[in-house]
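User: Please take a close look at a single residue and its setting, and then work outwards to the helices around it.

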Amino acid sequence: MTTTSLQELYVEQLQDLYDAEQQIIKALPKMIDAAQAEELRDGLSEHLEVTKQQAARIEKICQDLGEKPQKEKCKGMEGVLKEGGDLVKDVENPEVRDAAIIAAAQRVEHYEMAGYGTARTYATLLGYDDAASALEQTLEEEKEADATLSGLAGKLNVEALDEDTAGTSATHESKRPSSKREMPKSGRGKHAA
Ligand SMILES: [Fe+2]
């Protein structure tokens with residue numbers, strides 16, 4: 001199908017976002033299972049519930065337009081989730097794995113933020129004010145989830161770094177990059193992505 005109007009592009013964006021949300025709903029339970037820190041598990045579990053509401057919001061918007069939400073395959077989210085899943089799978093140390101989960105989850109959030117910002121703008125331009133507010137609400141939720149993950153990263157990435165340091169024997173010390181050893185204490189709390 002050729003897209004000939006902003007209206008069609010808007011519908012395609014909504015369908016793409018809907019599929020992205022469905023993929024996230026499937027992927028989040030696996031990330032929760034893989035996470036060790038309780039606050040990370042809680043944060044992801046809470047976001048799973050929020051994500052279900054976000055998907056329902058798109059269903060309603062599509063319904064009002066007389067369109068089906070299921071149509072597009074979001075190949076971008078598929079790639080982001082696949083890469084994140086592969087990254088997490090390869091990490092054995094639980095603290096480092098938590099850091100990898102946060103890295104993967106933040107990529108998901110940023111990808112979604114890009115999509116929702118676009119869809120919200122199209123809705124506004126096309127005069128769908130209710131849809132624009134609903135999409136804006138989702139966009140704010142995604143930003144909030146990203147900020148929560150940054151907050152968790154500030155703490156958990158440092159634990160992963162400590163794990164790194166603890167696992168280093170004196171004989172390996174000289175092989176470590178000097179920049180890591182010289183990490184200023186004041187900067188260690190600023191590792192949030
Ligand atoms: Fe979402």
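Analyst: Q23 is partly exposed, because 18 other C-beta atoms lie within 10 Å of its own, a count that falls short of the 20 needed for a residue to be called buried. The model is a predicted one, and within it Q23 is found in helix α1. Leaving aside residues up to four places away in sequence, Q23 touches C74, M77, E78 and L81. For one of these partners, E78, the separation along the sequence is 55 residues, while the C-alpha atoms of Q23 and E78 are 7.3 Å apart in space.

Another of those partners, C74, is worth following, and C74 is found in the loop between α2 and α3, the latter covering residues 75-89. C74 is buried, because 22 other C-beta atoms lie within 10 Å, where 20 or more are required. Seen from its own side, and again not counting residues up to four places away in sequence, C74 touches D16, D19, A20 and Q23. C74 can also be placed relative to Y18, from which it is separated by 56 residues in sequence and by 8.4 Å in space, C-alpha to C-alpha.

Two further partners of Q23, M77 and L81, also belong to the contact that α3 makes with α4. α3 and helix α4, residues 94-125, pack with their axes 9 Å apart and at an angle of about 175°; that angle makes α3 roughly antiparallel to α4, since angles over 145 degrees are counted in that way. On the α3 side the contact is made by G76, M77, V80, L81, G84, L87 and V88, and on the α4 side by R97, A100, I101, A103, A104, R107, V108 and Y111. Sorted by class, this contact holds eleven nonpolar, two polar and two charged residues.

I101, which takes part in that contact, is also listed among the residues with the most contacts inside the largest nonpolar core, a set of 42 residues in which L14, M31, I102, A105 and A119 are the others so listed. α1 (6-34), α2, α3, α4 and α5 (129-166) each supply at least two residues of this core. M31 shows some of the links involved, since it touches L44, I101 and A105, residues up to four places away in sequence not being counted.

A119, another of the residues with the most contacts inside the core, leads to Y10, which lies in helix α1. Y10 is buried, because 23 other C-beta atoms lie within 10 Å. With residues up to four places away in sequence set aside, Y10 touches A119, Y122, A123 and L126. Although Y10 and Y122 are 112 residues apart along the chain, their C-alpha atoms are separated by 6.1 Å.

L44, the partner of M31 named above, is one of the buried residues of α2, where L40, G43, H47, T51, Q54, R57, I58 and I61 are buried as well. E49 has its place in this helix too, but E49 is exposed, because 10 other C-beta atoms lie within 10 Å and a count of 12 or fewer is classed as exposed. E49 and I25 are 24 residues apart in sequence and 8.7 Å apart in space, C-alpha to C-alpha. Helix α2 itself comprises 28 residues, 38-65, which at 1.5 Å a residue should span 40 Å, and the 41 Å between its end C-alpha atoms agrees with that expectation. α2 is followed by G66, whose phi is positive, near 75°.

Taken as a whole, the protein chain has seven helices and zero strands. Of its 193 residues, 34% count as buried. Among contacts in the chain with a separation of 6 or more, 76% are between residues 24 or more positions apart, and the pairing of Q23 with E78, at 55 residues along the sequence, is an example of a partner at such a distance in sequence.

Definitions and conventions. Residues are numbered from 1 along each chain as its sequence is written. This is a predicted model: local features need pLDDT of at least 70, side-chain atom pairs count only at pLDDT 80 or more; totals for chains, interfaces and linings use all residues. Helices (H or I, at least four residues) and strands (E, at least two) are DSSP runs, numbered from the N terminus. The expected span of a helix is 1.5 Å times one less than its number of residues. Two residues are in contact if their C-beta atoms, placed from the backbone, lie within 7 Å. Axes are lines fitted to C-alpha atoms, for helices over the stretch in contact, and angles run from 0 to 180 degrees between N-to-C directions. Angles under 35 degrees count as roughly parallel, over 145 as roughly antiparallel, 65 to 115 as roughly perpendicular and the rest as oblique. Ala, Val, Leu, Ile, Met, Phe, Trp, Tyr, Cys and Pro count as nonpolar, Asp, Glu, Lys and Arg as charged, and the others, Gly among them, as polar. A nonpolar core is a set of buried Ala, Val, Leu, Ile, Met, Phe, Trp, Tyr and Cys residues joined through C-beta atoms within 7 Å.
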